[in-house]
Amino acid sequence: MDGHAEDFYMKFNNKICLGIESTAHTFGVGILDFKGNVYSRINDMFVPDKGGLHPVQVREQHLANFMKIVRKALSEAGCSMKEIDLIAFSQSPGLAPVLKIGALVSRMLSQLLNIPIVGVNHCVAHIEIGRLMCNVEDPLTLYVSGGNTIVSAFESNRYQIFGETLDLPIGNMIDSFARFVNLAHPGGPKIENIALEAKQYIQLPYVVKGMDLSFSGLFTAAKRMIESKDFGIKYTLSDVAYSLQETAFSMLTEVTERALAHTGKTEVLLTGGVAANRRLQDMIRYISKEHAARFEVVPLKFAGDNGVMIGWTGILRYLTMGSHDISETSIQPKERMDKISIPWRDH
Ligand code: AMP
Ligand code: MG
């Protein structure tokens, strides 16, 4: 390390960032240093009584709780707000009323205490925390969650999107099916368990269009099977749950494998809340092996939405481009991650 690089590291190593996640169900705060050591990760999650995420209800819960979460994160990290050197927040994409809370809290703290602020794209943050936690350099990423379904890899200075859902995100589709059969939110883990008891695979609509995926036909067909007179006679809920998972995950695996063959990446990263699913892990592990690529699942604490991933991505941006001016911190609910250049990666 030359003298300049050494000074740079001395200057930044002991700095601390507070990251705020606020795009959907989770209001999360993470505190970490500029080397990536994590001191706290506190989440408050909205769980609907019935139906999906209602933005106004989510907003109310986050508004009622944000200070408690910030305080808890600071206390667990053993620091005060005055010791924070950087504030990062999820600026995009997500539900506008919910994004606004994270933006408001961050802007207020930043201006009140004169702390630099950085806005972060939530999808980029999922990849960056995966690279850090799994120690991978340049992965093909399958990001599967309640709100997103994206196959992405770094090319031409951006996280390009190679495939994505055209309608429902995978996690949302499984949760909605679970709700239809009266299982409480989140349905993903329950459907995974129920599927283990299946005796047969029943063919369901498998829709891959080019590199994109469509889950709505599959969702409708699975619901029709539950309503059919044959339900409980020719097949069980386990059979339907299994067939739904097998079909959806095979679609995800097909697109991921094609992107892997196309990009020639040698690492595969599975992230987002649905990454917890063992069957999906097995499928993606299998194709990774076929292509001699290293396979990693992001540790589940950091695979679902959290403030640490926002903080880490904020640090990367700050170290290469500095902070954002307050005028640049308005929320971008629809921003796609392939629109953002990634200056901290060098090719
Ligand atoms: P996220 O949006 O990243 O916080 O992830 C939440 C989503 O992950 C919800 O849709 C959950 O149902 C889903 N999920 C969590 N665990 C599992 C699992 N074992 N199998 C399938 N989906 C899961
Ligand atoms: Mg997410």
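## The five-stranded sheet

In this predicted model, five strands form an open sheet in the order 8-7-6-11-12, and the pairing is mixed. Strand 8 (158-164) and strand 12 (294-297) are the edges; each has a single partner strand, so one side of each lacks a neighbour in the sheet. From one strand to the next, the twist averages 20°.

Strand 11 (residues 267-271) pairs with strand 12 in the parallel sense, over four bridges. Within this pairing, Val268 is opposite Phe295 of strand 12. Helices (H or I, at least four residues) and strands (E, at least two) are DSSP runs numbered from the N terminus, and two strands pair if DSSP finds at least two bridges between them.

## Helices across the sheet

Helix 8 (residues 237-263) lies across strand 6 (140-144), strand 7 (149-155), strand 8 and strand 11, and runs at about 160° to strand 6. Helix 9 (residues 278-290) lies across strand 6, strand 11 and strand 12, at about 160° to strand 12. Angles run from 0 to 180 degrees between N-to-C directions, with axes fitted to C-alpha atoms, for helices over the stretch in contact (heavy atoms within 4.5 Å).

## The surroundings of His62

His62 belongs to helix 2 (residues 55-77). This residue is buried, with a relative accessible area of 0% (buried means under 20%, exposed over 50%, partly exposed in between; 1.4 Å probe, protein chains only). Leaving aside residues up to four places away in sequence, His62 touches Ser22, Ala24, His25, Thr26, Phe27, Asp44, Val98 and Ile101.

## Basis of the description

Residues are numbered from 1 along each chain as its sequence is written, and chains are lettered from A and ligands numbered from 1 in the order in which they are written. Local features need pLDDT of at least 70, side-chain atom pairs count only at pLDDT 80 or more, and totals for chains, interfaces and linings use all residues, while side-chain values use heavy atoms, with hydrogens and water left out.
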